[in-house]
Amino acid sequence: MKKTAIIAGSGAEHLSPFRDWESILVPTRFGTAEIRQGEISGKPVLFVARHGKEHSTAPHLINYRAIISALSELEAVRVIGTAAVGSLSNSIPPGTAAVLTDIIDFTRRGPITFFDDPAAGVVHTDFSEPYCSEISAVLLAAAEASGLEVTTPCTYICTDGPRYETPAEISMFRSWGADVVGMTNAPEVILSREAGLCYGSIAIITNFAAGISPKPLSHSEVVECMKSIEEKLAAALIGAVQALPTSWPCNCGRSTIG
Ligand code: HPA
């Protein structure tokens with residue numbers, strides 16, 4: 001049966017509804033991914049901790065292709081990602097959620113794609129609407145219902161990490177139209193689209209970005225902020241999975257569940 005997958009980012013690895021789900025190792029041609037399997041209101045759901053259960057894999061070392069391939073293999077057709085992000089605007093403070101609607105890929109790791117086999121020909125994927133509009137609408141309603149403050153539309157800029165940005169980089173990103181910054185949505189949203197999976201993302205603003213924040217950035221600030229909203233985030237994810245329809249008329253996956 002076709003499934004919804006949740007890819008949990010920093011600080012969302014241990015959300016209680018998914019914590020005790022049984023995990024399996026799924027071998028793919030890109031490597032092995034650890035995927036948890038469970039059910040929400042009778043619907044089969046897959047759950048992946050993007051950085052590993054104990055947050056041990058840095059953003060630039062994540063095997064994104066193995067994760068997305070494994071989810072496809074297990075019949076996922078849509079993905080809800082969570083992401084901890086820095087805010088580029090004083091009007092989007094830490095603790096706010098953002099339903100992402102666009103992305104700037106500022107990574108320089110080299111393109112990570114499923115389409116790099118010369119024998120398979122050249123494939124250029126449409127990215128006019130990077131995030132699935134249907135999932136985004138459901139995520140917005142579920143996040144608001146869970147009591148989170150939510151902002152959308154929201155443009156995410158992805159850096160390589162694992163270091164945080166400089167104030168000059170943040171100032172440039174802001175002038176480009178980015179609202180939040182993180183280290184993982186590219187290539188995740190790209191690979192999902194290439195694999196035919198609809199992808200929507202709920203980001204949690206955990207800090208003001210470099211040069212806006214009055215203090216140095218730290219991972220503990222990110223973890224503390226995520227802890228403060230974790231119950232609402234879990235409720236939003238559950239509400240979204242419950243509300244997602246079995247078929248949806250979007251322009252990305254053109255998918256049906258069931
Ligand atoms: N920059 C990049 N990634 C992040 C940040 C940030 O400020 N906060 C959480 N993830």
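Q: A molecule sits in a pocket if more than half of its atoms lie within 2 Å of the pocket's grid points; in which pocket of this predicted model does the ligand sit?
A: The ligand sits in the largest pocket. By the definition, this means that more than half of the ligand's atoms lie within 2 Å of the grid points of that pocket.

Q: What makes a residue part of the surroundings of the ligand, and which residues are they?
A: A residue counts if one of its heavy atoms lies within 4 Å of the ligand. The residues around the ligand are Ala84, Val85, Gly86, Tyr164, Glu165, Val181, Gly182, Met183, Thr206, Asn207, Leu217 and Val222.

Q: Which strands supply at least two residues each to this shell, and which gives the most?
A: The strands are β5 (76-87), β10 (180-182) and β11 (198-208). Strand β5 gives the most, with three residues.

Q: How many residues of the shell are nonpolar, polar and charged?
A: Seven are nonpolar, four are polar and one is charged. Glu165 is in the shell, and Glu counts as charged. Gly86 and Gly182 are also in the shell, and Gly counts as polar.

Q: What makes the approach of Glu165 to the ligand a polar contact?
A: A polar side-chain atom of Glu165 lies 2.8 Å from a nitrogen atom of the ligand. The cut-off for a pair of N or O atoms is 3.5 Å, so this pair qualifies.

Q: Which other residues have a polar atom listed against a nitrogen atom of the ligand, and at what distance?
A: Asn207 places a polar side-chain atom 2.7 Å from a nitrogen atom of the ligand. Ala84 does this with a polar backbone atom, at 3.2 Å. Both distances are within 3.5 Å, so both are polar contacts. Taken alone, the ligand exposes 260 Å², and the protein buries 95% of that.

Q: Why is Ser87 in strand β5 called buried?
A: Ser87 has 0% relative accessibility, which is under the 20% limit, so Ser87 counts as buried. A polar atom of the Ser87 side chain lies 2.8 Å from the backbone oxygen of Ser89.

Q: Is Val99 buried or exposed, and how do you know?
A: Val99 has a relative accessible area of 1%; buried means under 20%, so Val99 is buried. Val99 is in strand β6 (residues 97-99).

Q: How many residues separate Val99 from Pro153 in sequence, and what is the distance in space?
A: Val99 and Pro153 are 54 residues apart in sequence, and their C-alpha atoms are 6.7 Å apart. Pro153 is in the loop between β8 (150-151) and β9 (155-158).

Q: What is the omega of the cis peptide bond from Thr152 to Pro153, and what is that of the cis bond from Ala186 to Pro187?
A: Omega is near 5° for Thr152 to Pro153 and near 15° for Ala186 to Pro187. Pro187 lies in helix α5 (residues 185-194). Most peptide bonds are trans.

Q: What makes the phi of His55 and of Glu75 worth a note?
A: Phi is near 50° for His55, a positive value in a residue other than glycine. Phi is near 75° for Glu75, again a positive value in a residue other than glycine. Most residues other than glycine have a negative phi.

Q: Why are His55 and Glu75 called partly exposed?
A: His55 has a relative accessible area of 27%, and Glu75 has 38%. Both values fall between 20% and 50%, so both residues are partly exposed. His55 is in the loop between β4 (43-49) and α2 (64-73); Glu75 is in the loop between α2 and β5.

Q: Why is Ile212 called buried?
A: Ile212 has 18% relative accessibility, which is under 20%, so Ile212 counts as buried. Ile212 lies in the loop between β11 and α6 (219-243).

Note on methods:
Residues are numbered from 1 along each chain as its sequence is written. This is a predicted model: local features need pLDDT of at least 70, side-chain atom pairs count only at pLDDT 80 or more; totals for chains, interfaces and linings use all residues. Side-chain values use heavy atoms; hydrogens and water are left out. A polar contact is a pair of N or O atoms within 3.5 Å; within protein, one must be able to donate a hydrogen and the other to accept it, and residues adjacent in sequence count only if both atoms are side-chain atoms. Accessible areas come from the Shrake-Rupley method with a 1.4 Å probe; for residues, only the protein chains shown count as cover. On a 1 Å grid over the protein atoms alone, a cavity is a set of points where a 1.4 Å probe fits but cannot get out, and a pocket is an open set with protein on both sides within 12 Å along at least five of seven lines; lining residues have an atom within 4 Å of a point. Helices (H or I, at least four residues) and strands (E, at least two) are DSSP runs, numbered from the N terminus. Buried means under 20% relative accessible area, exposed over 50%, partly exposed in between (1.4 Å probe, protein chains only).
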